[in-house]
Structure formats: C-alpha cells, structure tokens
Amino acid sequence: MLITMQPDSSAGDHESVRMSLRMRGLECHSISSSGTAAIAVTAGKVTPELAAELGLLNGVAHVRSTARPYLLAQRAARPEGTIVNVSGVRIGGDEPVIMAGPCVVESLEATIAAAQAVRRAGATMLRGGAFKPRTSPYSFQGLGEEGLRILAVARDLTGLPVVTEVMEPEQVDVVAAYADMLQIGARNMANFPLLRRAAASGKPILLKRGFSATIEEWLMSAEYILAGGNDRVVLCERGIRAFDNSTRFTLDLNAVPLVRDLSHLPVIVDPSHGTGRRDLVERMSMAGIAAGAHGLILEVHPDPDSALCDSAQTITPATLASIVSRTHLLTAALNPLAEPMIPLAAD
Ligand code: PEP
Ligand code: MN
C-alpha cells in the first residue's frame, strides 16, 4: 500500500499518517526530503476500511495498493520525479549534468590539471576514484584517504562538486567527510550493509547498476537507500555483461526510458565503462542523452594514454568539450520548448 501526500502537506500531516499506521501495528517507511512525500506500508495489511480512513486525513492525496516491490522508488511515489541537489548541481531536471574526471586519483598535480581541464570543457561535477575496486589485487588500488584529500583540493580550486566511490561500510564516514556525492559501484550494488550505511550518511548517492543485475534488482537496491531515510539517489546505467566481447560491457540503453517510467529517481549513463573503448564514448554519450538520461559520467584525462587506470576508455578534454556542446544542442532539439543553451548565431 502506498500513500501519497499532497504537495502542500506539512511534516505534521505526514507524521499523523505514520502514527495512525503504527497505532494499528503496521510498519511504514517514507520519502520526503526533496519533493512530494509518500509513505509506504511495509509490513501488515491495510483493510479497505483503514484505507478509506487514511484517505480522509489532512494532506493525503491518494491511498492505493501497489504490486511493485520497490515501494518508495516507484514512479507513483513521486510522479513529478525527484531532483537530487549535489552542492548546487541539480540532477533530474531538464538540463543533463556532466560528471567527468580520471578513473583514479593519481596525484595532486594530475588531479588538479584534470579538474581544471574538465571544468574548462564544461563539466559540472568532478569524478575520480580514491578507493578503487580492481579486478586484480596486484593493480593500483587507489590512494585511499590521501586521494580524498586531493579531490577536496581540486573541488576547492574549481568549484566542481566531487563524486567518488565508497566500497565498504566502514569507509562511509571518511568518504562522506570529503565527497559531495557517494558512488556505489557496480560490484557493490547488492552490498546491503554498504547501502544501509551510505543511506544513513544523508549524502546524495550515485547507485551504479551491477553488471549482471536486473532492473528490478537495481531498483530494490535503491529501495534500501530510500527505506534508510535518504531519497537523494541517482541511478547510473554502466553496461551489463552480454555474450559479445568486442566491447568491455554492453551499455543497456533500454534501461534508461524504462527506469524513467518505473521510478521517480534520476538516471544517468556511463558510456566509458559501458563500452570500454574511447572511440565509442562520444556516440554512446549522445545515444544516452537521446534515450532520456539526466546526465553522463565520463572518464577524462589530459593525456589518456598515460592514465593509470582504464586508459582504453578514457577520452581527452577536447572530446569532452564536444560531448558537452552536442549534449546541449541535442537537449534543445529533443525538447523544443526548452531554451537552447547555446545561443543560435544571428541571421
Ligand atoms: C568507476 O566509475 O570508477 C567504476 C569502477 O565503475 P563501475 O563500478 O561501474 O565498474
Ligand atoms: Mn574506470
């Protein structure tokens, strides 16, 4: 059962609904921070009489039964969609957000150079891994907390909010102390203790899809974060494992319009990991935007051939600049009512 609240309902109205449920021994979870509030009954049965009674409480818009297991992540919980604000950058609105930076934080100088280059190219957030999930235990594992400090310096110099990965529940506090947004990587999408701890940090969370996860499993992982009281979740499609090995993964662009219909959460696309090939990244970026993504996350390095990690899929700042300007043009073309971001030349 899902109870949606009117947009002008108060925190007191939400609490009255929760109290009525709890008094009858029902359990509930709710979303409320960044848009219309909704309350889901997560244990116990709502009789038709109780549903009718709840419908009369102040501020209640609808009481409906729902078959979706991701009660709070479903679109009906917040039909207008969620906008996630990351230190002033709004994800989920009409303007796609471009996050860019190196796969891994290599050094202070390299990270500052990369951050300045991606900012000049038009990115509005900085990415970079300090704690890296590597397939081989012998590969560079990242600089750890030193990498977080470097990212914070780069943010202070460029003004770009930072998204960076957290791999273990015990790392959440230190990553949250430096980052603007926590990234949960594909390999940890179903690490439920990590999801719970990350939710409790209150930070915005970028939740990557596991490369063998179904859409429903992905949305259930988002549900863990929402049920943990944090509705600042952005989904990221980053490619799934299919039979063909001519690309590193298969970017599942079906997922983009589908999760936009199924869920109110914003969704972005990662064409770097999704292809593993820098020659494909620009075209798959455009495809992601055309499919309805609210943004892109891209691996960019001033000298991609020398990147310490994921060099083959890393693009130059010049390619990023092209992606940014073509994203603005494509967005304006897809939404003729929106103002073009790049003014058209006068006749
Ligand atoms: C990354 O973005 O740095 C990363 C490791 O991606 P994924 O978790 O999607 O493999
Ligand atoms: Mn990478």
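This report describes the surroundings of ligand 1, the manganese site and the residue T82 in a predicted model.

**Ligand 1**

The shell around ligand 1 consists of R127, K132, E165, Q183, G185, A186, R187, K208, R238 and H273. Sorted by class, these surroundings comprise six charged, three polar and one nonpolar residue. Within the shell, R127, Q183 and R187 each place a polar side-chain atom at the distance from a ligand oxygen atom given below.

| Residue | Partner | Distance |
|---|---|---|
| R127, polar side-chain atom | oxygen atom of ligand 1 | 2.8 Å |
| Q183, polar side-chain atom | oxygen atom of ligand 1 | 2.9 Å |
| R187, polar side-chain atom | oxygen atom of ligand 1 | 2.8 Å |

Ligand 1 taken alone exposes 300 Å², and the protein buries 96% of that area.

**The manganese ion**

The manganese ion, ligand 2, has four protein donors: SG of C103, NE2 of H273, an OE atom of E299 and an OD atom of D310. These donors lie 2.0 to 2.5 Å from the ion. Along the sequence, the donor residues follow the spacing C-x169-H-x25-E-x10-D. Two of them, C103 and H273, are 170 residues apart and link distant parts of the chain. C103 belongs to the loop between β7 (97-101) and α3 (108-120), whereas H273 sits in helix α9 (residues 271-275).

Both of these donors can be classed by their accessibility. C103 counts as buried because its relative accessible area is 3%, under the 20% limit. H273 has a relative accessible area of 10% and is therefore buried as well. H273 also appears among the residues around ligand 1, so this buried residue belongs both to that shell and to the donors of the manganese ion.

**The residue T82**

T82 is found in the loop that runs between β4 (60-64) and β5 (84-86). Is this loop residue buried or exposed? With a relative accessibility of 2%, T82 counts as buried.

The side chain of T82 takes part in two polar contacts, one with the side chain of R78 at 2.7 Å and another with the side chain of H264, also at 2.7 Å. Leaving aside residues up to four places away in sequence, T82 touches S34, I91, G92, D231, H264, L265 and P266. H264 thus appears both in this list of contacts and as a polar partner of the T82 side chain.

Note on methods:
Residues are numbered from 1 along each chain as its sequence is written. Chains are lettered from A and ligands numbered from 1 in the order in which they are written. This is a predicted model: local features need pLDDT of at least 70, side-chain atom pairs count only at pLDDT 80 or more; totals for chains, interfaces and linings use all residues. Side-chain values use heavy atoms; hydrogens and water are left out. A residue is near a molecule or strand if one of its heavy atoms lies within 4 Å of it. A polar contact is a pair of N or O atoms within 3.5 Å; within protein, one must be able to donate a hydrogen and the other to accept it, and residues adjacent in sequence count only if both atoms are side-chain atoms. Accessible areas come from the Shrake-Rupley method with a 1.4 Å probe; for residues, only the protein chains shown count as cover. Ala, Val, Leu, Ile, Met, Phe, Trp, Tyr, Cys and Pro count as nonpolar, Asp, Glu, Lys and Arg as charged, and the others, Gly among them, as polar. Helices (H or I, at least four residues) and strands (E, at least two) are DSSP runs, numbered from the N terminus. Buried means under 20% relative accessible area, exposed over 50%, partly exposed in between (1.4 Å probe, protein chains only). Contact means heavy atoms within 4.5 Å. Donors are N, O and S atoms within 2.8 Å of the metal (3.2 Å for Na, K and Ca); water is not among the atoms, so sites may look incomplete.
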